[in-house]
Amino acid sequence: MELTFTPYRIECTHPFGISRSTHNHYDIIYIYLESDGTVGRGEAAPSNRYGETFSDCIEILNTFPSTLPDFEQIQDLKNYINPYTNGVRSLDTAFSMAMFDLLGKHSNQPVHKMLGFEKDITQPTSYTIAIGDLKLMHKKIKEADDYKILKIKLGSEKDKEIVGKIREETDKLIRVDANEGWTLDVAKSMCNWLEDKNVELIEQPLKAVELHLMKELKQASPIPLIADENCLNSDDIPQLADSFHGINIKLMKCGGCEEVPKMIRCANDSGLKVMLGCMVESSVGITAMSQFASQADFLDLDGHLLINNDPYDGAKIRNGHPVLPDGNGLGLTLNSNGKEAGLT
């Protein structure tokens with residue numbers, strides 16, 4: 001099995017602002033595993049929030065041999081790469097995606113079928129309106145015409161003004177993501193203020209280290225609360241039931257495709273709703289997560305919609321709903337952006 005990797009910069013259509021940062025682009029890495037002339041693709045989108053950097057990922061990948069053993073099981077691959085990646089979850093995820101893609105192609109079946117999940121996706125995805133220039137609000141909402149649900153990034157001093165601007169433009173259902181940007185007092189006030197604003201849920205209102213305060217907020221909030229930064233993998237879930245109403249699963253946080261079904265089962269057993277989310281990613285990562293979308297209560301799979309140079313085609317959005325591509329593995333195809341960049 002041959003390993004190659006390629007760095008790629010995805011460009012945001014608009015500056016992507018959340019409570020702690022704003023980005024015009026993100027540097028990601030594509031990982032390719034080739035066996036018997038077939039290529040499996042994966043994507044690493046490292047996040048500083050979780051102590052991962054693009055440069056660290058490149059440095060780690062440079063320590064790998066170019067030829068790997070011919071693995072037939074995901075766990076065998078994971079056991080092999082763990083000493084190299086040393087817990088960098090976005091890299092673990094990229095290898096997992098590539099291996100699932102490769103195994104699906106070799107077995108002539110899509111990944112969702114390999115895992116026993118349905119192809120049809122009934123839940124719509126939200127479309128994110130990031131923190132930024134309020135003068136662009138009309139344009140951003142216009143770009144979201146085809147989506148039934150807006151996800152609004154809050155956690156700044158402009159929170160009420162942002163919501164007000166949106167409500168001037170549309171009465172669509174909205175989801176709020178504070179990205180750890182509120183204190184307990186602010187969160188209580190905002191939850192009550194948002195109650196009559198047609199808000200479906202609120203993600204991660206408090207810092208992850210303030211989990212002890214979330215139980216109090218859950219008791220006070222009239223709006224369901226979803227754990228994001230507090231929920232990395234299945235080990236985190238049992239302690240969240242008293243503090244949240246649901247969890248947000250992201251591939252780049254959890255470390256691989258094989259972890260997602262475990263998290264879904266654990267959330268169901270704990271009485272928690274399941275959201276499938278993403279970082280700002282290309283269609284490789286989004287299509288991989290979309291394989292599990294039939295199992296979710298909420299979808300936030302719009303990372304590829306927020307960039308203007310996606311090099312791959314995969315999951316598409318029709319009438320606000322993700323639609324998986326035909327084809328085996330992840331079903332990805334290279335588009336003109338990818339060909340111009342010399343990708344595989």
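Visitor: Which handedness does the crossing of H7 and H8 have?
Guide: This is a predicted model. Helix H7 spans residues 184-193 and helix H8 residues 211-220, and their axes come within 10 Å. Their crossing is right-handed.

Visitor: Is H7 roughly parallel or roughly antiparallel to H8?
Guide: The two axes cross at roughly 20°. Angles under 35 degrees count as roughly parallel. Therefore H7 and H8 are roughly parallel.

Visitor: How do the residues of the contact of H7 with H8 divide into nonpolar, polar and charged?
Guide: H7 brings Leu184, Ala187, Lys188, Cys191 and Asn192. H8 brings Leu213, Glu216, Leu217 and Ala220. The division is 6 nonpolar, 1 polar and 2 charged.

Visitor: What is the order of the strands in the open sheet of 3 strands?
Guide: The pairing in this sheet is antiparallel. Strand S1 (2-18) and strand S3 (38-44) are the edge strands, each pairing on one side only. From one strand to the next, the twist averages 25°. The order is S1-S2-S3.

Visitor: Which residue in S3 is the bridge partner of Tyr30?
Guide: Strand S2 covers residues 21-35 and pairs with S3 in the antiparallel sense. That pairing runs over 7 bridges. In S3, the partner of Tyr30 is Glu43.

Visitor: Which strands does helix H3 touch as it packs on the sheet?
Guide: Helix H1 (residues 54-61) packs on the sheet, touching S1 and S2, and its direction makes about 15° with that of S2. Helix H3 (residues 89-106) also packs on the sheet. The direction of H3 makes about 155° with that of S3. H3 touches S1, S2 and S3.

Visitor: Which residue in S10 stands opposite Gly246?
Guide: Gly246 belongs to strand S9, residues 246-249. S9 pairs in the parallel sense with strand S10 (residues 273-276) over 4 bridges. Strand S8 (residues 225-227) also runs parallel to S9, joined by 2 bridges, and Ile226 stands opposite Gly246 there. In S10, the residue opposite Gly246 is Lys273.

Visitor: Which residues of S9 point the other way from Gly246 and Asn248?
Guide: Gly246 and Asn248 point one way from the strand. The residues on both sides are buried. Pointing the other way are Ile247 and Ile249.

Visitor: How many residues of helix H11 are buried?
Guide: Helix H11 spans residues 283-290 and is mostly covered. Buried residues include Ser283, Val284, Ile286 and Met289. The count is 8 of its 8 residues.

Notes
Residues are numbered from 1 along each chain as its sequence is written. This is a predicted model: local features need pLDDT of at least 70, side-chain atom pairs count only at pLDDT 80 or more; totals for chains, interfaces and linings use all residues. Side-chain values use heavy atoms; hydrogens and water are left out. Buried means under 20% relative accessible area, exposed over 50%, partly exposed in between (1.4 Å probe, protein chains only). Two strands pair if DSSP finds at least two bridges between them. Axes are lines fitted to C-alpha atoms, for helices over the stretch in contact, and angles run from 0 to 180 degrees between N-to-C directions. Contact means heavy atoms within 4.5 Å. Angles under 35 degrees count as roughly parallel, over 145 as roughly antiparallel, 65 to 115 as roughly perpendicular and the rest as oblique. A crossing is left-handed if the near helix is turned anticlockwise from the far one by less than a right angle, and right-handed if clockwise. Ala, Val, Leu, Ile, Met, Phe, Trp, Tyr, Cys and Pro count as nonpolar, Asp, Glu, Lys and Arg as charged, and the others, Gly among them, as polar.
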